Amino acid sequence: MNPGSLLAYRHVISNAGPSDAAPVLVTDTFPSGVIFDSAVGADCTGGGARCTIDRLAPGDVITFTVYGRTDTTVRGTFVTTATVASPAENLYPDNNTATAITTVRIFVYLPLTLRSYRP
Amino acid sequence: MDIKRKSYATLRLWLGLLLLLGSSAPVGAAAAPIALSADVFLTIQDMPDPVMAGAALTYHLYVINGGPDPATGVTVTGVLPESVGYETFSAPSGVTCAADGQALTCALGTLINGQTVAVDVAVAVDPGARGTLRFAAVVAGNEPDLIPANNSAAAQTQVNIDVNLELAFHDVTPVPAIAGAPLTYALVVANTGQSNATQVVLTDTLPAEVQVTALTPDQGACEVIDVDIVCALDVIGPQQVVTVSVVMRVDAATRAPLAHHARVDSLEPDAEPVNNARWLVLPLIARSDLRVQAWPVPAPIISDTLMLEPPVAGRPLGYLIHAENLGPSDANAVSLRVTLPPSVTLDGGMTSTLGACVQNGLHVICGPGYMTAGFSGTLHLTVTVDASFVGTLALTATISGLETDPFPDNNSVVVTVPVATYADLSLLLSAPAPL
């Protein structure tokens, strides 16, 4: 992708219970050079993304997308981390964090024109 | 009463003859000394006669010197009846009396010719005396007594009986009696007569609704024969009071007044039979201390093990409700009402030993109905806590019955339990796709 591109991060949050999780807070940690742009399906705010879901009952699954925008300094491979949490105690925290790896390739358009000069 | 008398005229005749014979002695012969003599004699009066066993009796002793000479060293000796005790004497100055056991001795000193000395000897008749009392005494002096036949006298006293037994119920506790509770009282027998009452028998006819648990007589022995307490109290002396302490348990189911009838009798006729029998009619009340307790327990496996971990929203929770009648009376129309927290669903069933239970919304009502004193039962409820619940659950259990409850504070219980929330959240994050 090119610098300045939008990155779409799709989040799938589920609650295996037994209690409701309310509220549910999802936090995305973007790498340097990526900033929060917008979200669809959840109320989110930036710099990283902090998204809030009012309630997630046992068995519920919610999907939303967070958009991040790259700047011109982004290079190479970077990692985005997302974490979900709620006031309810989580007996299995290992699946509360997920990562996404992205590689930024730079496309530079350098046109070359050959002209002849007569001395 | 015996009175011994001697004709003083006869005595004077004998003395005259002796003087005439003395004057006929030859003239010039040496005069022989004239021997002194005195005819002392004794009479005894008993007062009163008849006398009550246990009462005072006085012997009036009259000692007379019939002369002709003064009588010196006059003493009266006698043996008091076995059933009397010497008390005191009354006599003119110079006269003394003393008793050594039943042996009575009175020293009268000198009585001149014609002198009479009266001595009153007071004795106490034994309360157990029966029949006739005989007191015999003899008077003697230093001088020869020409008529010794009148020196002794005796009195026979008829003994009558004065027994008056009275019976009363004392210290009846509690009043009114309480169904199922101990009832204590004292049967008090008093003898207000003067004589011993013998072979005293006390009988207390009990109502059928009591059971004797302890009998403690001051004396004698008691036993329960059918519905009677029968006490053989032996001898009750004058002014003596004998108490029989009674402890019994009133049947927990009875509601009728308790009627006791007691009477006391002895071998002797009673001076006032009307107070020998008493009724005791006790009003009776019922008191049932109903108690309910409740605990959260693990679920779905219902057990009486208390929860060590807090219940979790979205998971089953058990409640153990324990209801009992601590008595003392049986309880009627007993109802247990359980109000569930609004954030639970009774979906795991209920198991009751407290009669049939029905659910009506948040309420579970069980009707054990009749609960004997000491009965206890349980109700197990299995509910599921709403997954969305956060906070503390409060379950209320209330038990009520027809009888008055002496300790109403334990008729209702609110069991609160904080609820934990466990949410196993998981997150999937897709690698971004460039747009």
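## A tour of two interfaces

Begin by selecting A:Ile13 in this predicted model, and look across to β32(B), where B:Leu427 stands opposite A:Ile13. Now widen the selection to the whole of β1(A) and to residues 423-429 of chain B, which make up strand β32; the two strands run antiparallel and are joined by six bridges.

From this strand pair, extend the view to the whole interface of chain A and chain B, to which chain A contributes 42 residues and chain B contributes 22 residues. Between them the two chains bury about 2,600 Å², and 58% of that area lies on carbon and sulfur atoms. If you colour chain A by secondary structure, the strands to pick out are β1 (6-18), β7 (76-85) and β8 (97-104), each of which supplies at least two residues of the side that touches chain B. Of the elements on that side, β1(A) gives the most, with 13 residues. By residue class, the side of chain A that touches chain B divides into 24 nonpolar, 14 polar and four charged residues.

Next, display the polar atoms across this interface of chain A and chain B, where 13 residue pairs are in polar contact, both partners being at pLDDT 80 or more. A search for salt bridges between chain A and chain B, by contrast, finds zero.

Now hide chain A and colour chain B by domain: domain 1 takes in 8-21 + 36-160, domain 2 covers 165-285, and domain 3 covers 288-419. Keep domain 2 and domain 3 of chain B in view; their centres, taken over C-alpha atoms, are separated by 47 Å. Where the two domains meet, eight residues of domain 2 of chain B are in contact with seven residues of domain 3 of chain B. The area that these two domains of chain B bury between them is about 420 Å², with 46% of it on carbon and sulfur atoms. On the domain 2 side, select B:Ala252, B:Ala253 and B:Arg255, the residues that lose the most area to domain 3 of chain B, together 66% of what that side buries.

Stay with B:Arg255 and add B:Glu403 to the selection: the two form a salt bridge, and their closest N and O atoms are 3.2 Å apart. One salt bridge is found across the interface of domain 2 and domain 3 of chain B, and four residue pairs there are in polar contact, both at pLDDT 80 or more. To finish, colour by residue class the side of domain 2 of chain B that touches domain 3 of chain B, which divides into six nonpolar residues, one polar and one charged.

Note on methods
Residues numbered from 1 in each chain as written. Chains lettered and ligands numbered in written order. Predicted model: local features only at pLDDT ≥ 70, side-chain atom pairs only at ≥ 80, totals over all residues. Heavy atoms only, no water. Domains from an automatic or database assignment. Contact = heavy atoms within 4.5 Å. Buried area = accessible area lost by both parts, 1.4 Å probe. Salt bridge = Lys/Arg side-chain N within 4 Å of Asp/Glu carboxyl O. Polar contact = N/O pair within 3.5 Å; in protein donor to acceptor, adjacent residues only side chain to side chain. Nonpolar A, V, L, I, M, F, W, Y, C, P; charged D, E, K, R; others polar. Helix = DSSP H or I, 4+ residues; strand = E, 2+ residues; numbered from the N terminus. Pairing = 2+ DSSP bridges.
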